[in-house]
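Visitor: Before we begin, I would like the reasoning behind each label, and not only the label itself. Could you take me through it step by step?

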Amino acid sequence: MSDVLAALDKVLDARKNAAPDTSYVSSLYHKGLNKILEKIGEEATETIIAAKDAEQSQDNSDLIYETADLWFHTLVMLHQRGENSQAVLSELARRFDLSGLEEKANRSK
C-alpha cells in the first residue's frame, strides 16, 4: 500500500507546478486551501452517507469509493501544506503501541 501512496505523492507534487487547466488537482491547488477544504467537507459528508447506506444494504462498495475520495482530497490538502502521506504513516506508526485512551490523555497535557 505504501507503494501506491508514494506514487500518488509523486503525482500530487508534480501537479503543484502544472497549469490549472491541465488537471483537476492542479485546479484545486490554484483555487487554494479553502477550496481543497471545501472538497474534503463534501467528501466527508458523502462518506458518512455511504456508511449509513452500507449499514442498510450490507454493500460496502460505495463506502470504499467515497473513502478513497476522502483520502485523496486529504492528501491534496497535505501536499498543499508541504506534507505527504509519509508524514501521516509516521504518525500512525508512532501511535501503534500506544493505547488510544493513553494517546488521548497525552494530548490534553
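Guide: What follows is a conversation about a predicted model, in which computed values are set against the cut-offs behind the words.

Visitor: What makes up the secondary structure of the protein, and how is it arranged along the sequence?

Guide: The secondary structure comes to 6 helices and 0 strands, and reading along the sequence gives the pattern α-α-α-α-α-α. The C-alpha atoms fill a box of roughly 45 × 40 × 30 Å, taken along the principal axes. Buried residues make up 24% of the 109 residues, and of the contacts with a separation of 6 or more, 57% join residues 24 or more positions apart.

Visitor: Why is S26 called buried?

Guide: Buried means under 20% relative accessible area, and S26 has a relative accessible area of 2%, so S26 is buried. This residue is found in helix 2, and, leaving aside its neighbours within four places in sequence, S26 is in contact with R15, A18, A19 and P20.

Visitor: What makes the approach of the S26 side chain to R15 a polar contact?

Guide: A polar atom of the side chain of S26 lies 2.9 Å from the backbone oxygen of R15, and the limit for such a pair is 3.5 Å. The distance of 2.9 Å is therefore within the limit of 3.5 Å.

Visitor: Which word fits K31, buried or exposed, and why?

Guide: K31 also has its place in helix 2. The word exposed is kept for values over 50%, and K31 has 53% relative accessibility, so K31 counts as exposed. K31 and P20 are 11 residues apart in sequence, and their C-alpha atoms are 8.7 Å apart in space.

Visitor: How do you know that the span of helix 3 agrees with what is expected?

Guide: Helix 3 has 25 residues, which at 1.5 Å a residue should span 36 Å, and because its end C-alpha atoms are 35 Å apart, the two values agree. The buried residues of helix 3 are I36, K39, I40, E43, T47, A50 and A54, and what covers them includes helix 2 and helix 4.

Visitor: What is notable about the phi of Q58, and why is Q58 called exposed?

Guide: The phi of Q58 is near 65 degrees, a positive value in a residue other than glycine. Q58 comes just after helix 3, in the loop between helix 3 and helix 4. With a relative accessible area of 65%, set against a cut-off of over 50%, Q58 is therefore exposed.

Visitor: How does the span of helix 4 compare with what is expected, and which of its residues are buried?

Guide: Helix 4 has 20 residues and reaches 29 Å from its first C-alpha to its last, close to the 28 Å expected at 1.5 Å a residue. Its buried residues are E66, L70, H73, L75, V76, L78 and H79, and these pack against helix 1, helix 2, helix 3 and helix 5. Helix 4 is followed by G82, whose phi is positive, near 85 degrees.

Visitor: How does one find empty space in a model of this kind?

Guide: Rolling a probe the size of a water molecule over the atoms shows where empty space is left. In this structure, about 230 Å³ of space lies in the largest pocket. The largest pocket is lined by 11 residues, of which L5, W71, T74, L75 and V88 are the closest to its centre. The elements that give two or more residues to the lining are helix 4 and helix 5, and helix 4 gives the most, with 5 residues.

Visitor: What is the make-up of that lining by class?

Guide: The lining of the largest pocket has 9 nonpolar, 2 polar and no charged residues.

Visitor: Why is L5, one of the residues closest to the centre of the largest pocket, called buried?

Guide: L5 has a relative accessible area of 14%, and the cut-off is under 20%, so L5 is buried. L5 lies in helix 1 and, not counting residues up to four places away in sequence, touches L75, S85 and L89. The C-alpha atoms of L5 and Q86 are separated by 8.1 Å, although these two residues are 81 residues apart along the chain.

Note on methods: Residues numbered from 1 in each chain as written. Predicted model: local features only at pLDDT ≥ 70, side-chain atom pairs only at ≥ 80, totals over all residues. Heavy atoms only, no water. 1 Å grid on protein atoms, 1.4 Å probe; cavity = no way out; pocket = protein on both sides within 12 Å on 5 of 7 lines; lining within 4 Å. Points joined across faces, edges and corners; volume = space filled by probe spheres on them. Helix = DSSP H or I, 4+ residues; strand = E, 2+ residues; numbered from the N terminus. Nonpolar A, V, L, I, M, F, W, Y, C, P; charged D, E, K, R; others polar. Expected span 1.5 Å × (residues − 1). Buried < 20%, exposed > 50% of the residue type's maximum accessible area, 1.4 Å probe, protein only. Contact = heavy atoms within 4.5 Å. Polar contact = N/O pair within 3.5 Å; in protein donor to acceptor, adjacent residues only side chain to side chain.
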